[in-house]
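This briefing introduces one protein structure to a reader who is new to the subject. Please keep the sequence and the model in view while reading the points that follow.

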Amino acid sequence: MISDSAKKQINSWIEKYPEGRQSSAVMEALRVVQAENNNQLSHEAIQAVADYLQMPGIAAAEVASFYENYNHKPMGKHIIRFCHNISCMLNGADELIAHLETKLGVKTGEVSEDGLISVKKVECLGACVGAPMFQIGDQYYENLTTDKIDDIVDNLK
C-alpha cells in the first residue's frame, strides 16, 4: 500500500527525529500516502502508515481524524479549503461559501460533477489579516469577493 517512492519520502522525515521516535513523522507520512491514493486516506492506508512507523493503528487514526487536511472520502482534483473561523465568518465567509456552492452546483463536502473541485469548511488557516480566505493546494487566496472567487475557480480547469 505504501510505494517505494512514498517510503523514501517518509524515511526522510523519520530521519529528522531521534532513533525510536519514528512515529513523530506520522503527519507527513499520512500526507505522502494520501497524495498517492487519490487524495484520500482509507482505513487500510492509515493502518499501513501505522505499521510502517511501528505505532498503534489507533494512534495514526487519531491523527488522521483530528486534522482537517486528511480526507476520508473521494475528493476533487482541487480542494478548496474555505476558512470558517471567526475572522473569516465576520467578513462574509458564509455568503462566499454559499456563492461558491451555487457556482459549482455542490454542497460543502461534495465533489463537483466533473470531479475537478471539492469544497471543505475548515477551522483556521492562520491568515486572519486577509479574511475571508481559502486555500487551494499550497496557495492562499485572501480578501475574497464573489468576483475573485469566480476568477480563481474559472482558472482551475
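Two residues are said to be in contact when they have heavy atoms within 4.5 Å of each other. With this meaning of contact in mind, the buried residues of helix H3 are found to pack against H2 and helix H4 (57-66). The model is a predicted one. The points below treat the sheet, the helices that pack on it, helix H3, a loop residue and a cavity.

**The sheet**

- Four strands form an open sheet in the order S2-S1-S3-S4, and the pairing in this sheet is mixed.
- The edges are formed by S2 and strand S4 (139-141), each of which pairs on one side only.
- On average, neighbouring strands of this sheet are turned by 25° against each other, with direction ignored.

**Strand S1 and its partners**

- Strand S1 covers residues 78-83, and because six of its six residues are buried, the strand is largely enclosed by the rest of the structure.
- His 78, Ile 80 and Phe 82 point one way from S1, while Ile 79, Arg 81 and Cys 83 point the other way; all are buried.
- With strand S2 (residues 117-122), S1 pairs in the parallel sense over six bridges. In this pairing, Cys 83 stands opposite Val 122 in S2.
- With strand S3 (residues 134-136), S1 pairs in the antiparallel sense over three bridges. Here Phe 82 stands opposite Phe 134, and Ile 80 has Ile 136 as its bridge partner.

**Helices on the sheet**

- Helix H6 (residues 93-104) packs on the sheet, where it touches S1 and S2. The direction of H6 makes about 155° with that of S1.
- Helix H7 (residues 146-154) also packs on the sheet, and it touches S1, S2, S3 and S4. The direction of H7 makes about 10° with that of S3.

**Helix H3**

- Helix H3 spans residues 43-52, and its buried residues are Ala 45, Ile 46, Ala 48, Val 49 and Ala 50.
- An α-helix has 3.6 residues a turn, so residues three or four places apart point the same way.
- After H3 comes Gln 54, which has a positive phi, near 55°.

**The loop residue Ser 23**

- Ser 23 belongs to the loop between helix H1 (4-14) and helix H2 (26-36).
- Is Ser 23 buried, partly exposed or exposed? Its relative accessibility is 31%, and therefore Ser 23 counts as partly exposed, since this class lies between under 20% for buried and over 50% for exposed.
- When residues up to four places away in sequence are not counted, Ser 23 touches Leu 53 and Met 55.
- Ser 23 and Met 55 are 32 residues apart along the chain, yet their C-alpha atoms are separated by 6.2 Å.

**The cavity**

- How many cavities of 30 Å³ or more does a search of the whole structure find? The search finds one.
- The largest cavity holds about 40 Å³ of space.
- Residues that line the largest cavity include Cys 83, Asn 85, Cys 124, Gly 126 and Met 133. Cys 83 also belongs to the residues of S1 that are buried.
- By type, the lining of the largest cavity divides into seven nonpolar residues, three polar residues and no charged residues.

Terms used: Residues are numbered from 1 along each chain as its sequence is written. This is a predicted model: local features need pLDDT of at least 70, side-chain atom pairs count only at pLDDT 80 or more; totals for chains, interfaces and linings use all residues. Side-chain values use heavy atoms; hydrogens and water are left out. On a 1 Å grid over the protein atoms alone, a cavity is a set of points where a 1.4 Å probe fits but cannot get out, and a pocket is an open set with protein on both sides within 12 Å along at least five of seven lines; lining residues have an atom within 4 Å of a point. Grid points are joined across faces, edges and corners, and a volume is the space filled by probe spheres set on the points. Ala, Val, Leu, Ile, Met, Phe, Trp, Tyr, Cys and Pro count as nonpolar, Asp, Glu, Lys and Arg as charged, and the others, Gly among them, as polar. Helices (H or I, at least four residues) and strands (E, at least two) are DSSP runs, numbered from the N terminus. Buried means under 20% relative accessible area, exposed over 50%, partly exposed in between (1.4 Å probe, protein chains only). Two strands pair if DSSP finds at least two bridges between them. Axes are lines fitted to C-alpha atoms, for helices over the stretch in contact, and angles run from 0 to 180 degrees between N-to-C directions.
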